[in-house]
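Please examine the structure shown below. The paragraphs that follow move from one strand and its partners to an open sheet, and then to the empty spaces.

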Amino acid sequence: MRTSSKTIFSPEGILSAALSIAVMIAIIASSPRILRGGESKTEPPWRPLPLITDGKVDANWAHTGWGGFVVDDGALRTKCDPKGLGLLVYKKERLGNCQVRVVFKAKDAKSNAGVYVRIADGITEQIGKTGAAFERDAAGKPSNESMEKMQASGDREEGPWYAVHRGYEVQISDAGDPAHGTGAIYSLARSSNNLKKPGEWRTMIITLAGEKIFVDLDGKRVTSFDPTSPNLPARKQWHEPKREPKRPQTGYIGLQNHDPGDVVWFKEVSVRPWPAAAR
């Protein structure tokens, strides 16, 4: 015996099914962890850049300028010299569109250092060079004559000054004003950071996306910088970066050591790829 059956669709049933489908589509679209086509949409993993190997500064980092870095309790610590500033350059590779995560702490609010990004290729020719040197009195103040020599050395882009004028510095200094304080693109883009945390580990994420640079500090966006903006602030002091040289979108990174007493530790530098259109 053959029987036949019919499914009857009521208007209420159709509406309920449509709502269920809409909810499911919304969940899938909003969740980056759902697999689509076998691919995960989670963010790419971080890749640490070794700072210490066999108890010493890793060989992929090379120094230019005065002073240097030493290993201190599993981190790199600035070792500053009265003669002037220096820069530890990661010479192994250049970085393009990516995020750079830096975990650091400063001894006190005035401790001065920085993270350099997008440094042009010529920095490798400056490794081992120092540039001019300060001569200081008993109070640590540079003499006028040595200040003039340092200024001329800076204009010639010698040693670490090459990075000043051919890269960008993400500043570390809680004593600086918004254009020269922690998270700022030194003298070019102001930081909204108003927290001073000397002696505490902090996490800075620098996003290099096309021409633009974004800085997040302890999970909060503090700086956005577009070097193509027509409203960039003018250069006001000799030690501020020149505005004219175009920085490369793929360049070297480095860690700065500054003046005596400017003690800063770095215990992590990690990178991961990032889309040029991302923020």
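Strand β8 pairs with strand β15 (residues 264-273) in the antiparallel sense, over nine bridges; two strands count as paired if DSSP finds at least two bridges between them. Helices (H or I, at least four residues) and strands (E, at least two) are DSSP runs, numbered from the N terminus. Within this pairing, Gln-99 has Arg-272 of β15 as its bridge partner. Strand β8 is also joined by seven bridges to strand β11 (residues 202-209), and these two run antiparallel. Here Val-102 of β8 stands opposite Met-204 in β11. Seven of the nine residues of β8 are buried, so this strand is largely enclosed by the rest of the structure. Buried means under 20% relative accessible area, exposed means over 50%, and partly exposed lies in between (1.4 Å probe, protein chains only).

The model is a predicted one, in which local features need pLDDT of at least 70 and side-chain atom pairs count only at pLDDT 80 or more, while totals for chains, interfaces and linings use all residues. Residues are numbered from 1 along each chain as its sequence is written, and side-chain values use heavy atoms, with hydrogens and water left out.

The protein as a whole has three helices and 15 strands. Of its 279 residues, 43% are buried. Among contacts (heavy atoms within 4.5 Å) with a separation of 6 or more, 72% join residues 24 or more positions apart.

One open sheet can be followed strand by strand. Its five strands have the order β4-β7-β14-β9-β10, with antiparallel pairing. At its edges are β4 (61-65) and β10 (168-172), each of which pairs on one side only. On average, neighbouring strands of this sheet are turned by 25° against each other, direction ignored; the axes are lines fitted to C-alpha atoms, for helices over the stretch in contact, and angles run from 0 to 180 degrees between N-to-C directions. Strand β4 pairs with strand β7 (residues 86-90) over five bridges in the antiparallel sense, and Gly-65 stands opposite Gly-86 in β7.

The empty spaces come next. On a 1 Å grid over the protein atoms alone, a cavity is a set of points where a 1.4 Å probe fits but cannot get out, and a pocket is an open set with protein on both sides within 12 Å along at least five of seven lines; lining residues have an atom within 4 Å of a point. Grid points are joined across faces, edges and corners, and a volume is the space filled by probe spheres set on the points.

How much space lies in the largest pocket? The volume is about 370 Å³. Of the 21 residues that line this pocket, the closest to its centre are Leu-85, Trp-161, Tyr-186, His-239 and His-258. The edge strand β10 gives the most to this lining, with three residues. By class, the lining has 11 nonpolar, seven polar and three charged residues. Ala, Val, Leu, Ile, Met, Phe, Trp, Tyr, Cys and Pro count as nonpolar, Asp, Glu, Lys and Arg as charged, and the others, Gly among them, as polar.

There is one cavity of 30 Å³ or more, and about 60 Å³ of space lies in the largest cavity. The residues that line the largest cavity include Phe-104, Lys-105 and Ala-106. Strand β8 (residues 98-106) supplies the largest share of this lining, three residues, which returns the reader to the strand discussed at the start.
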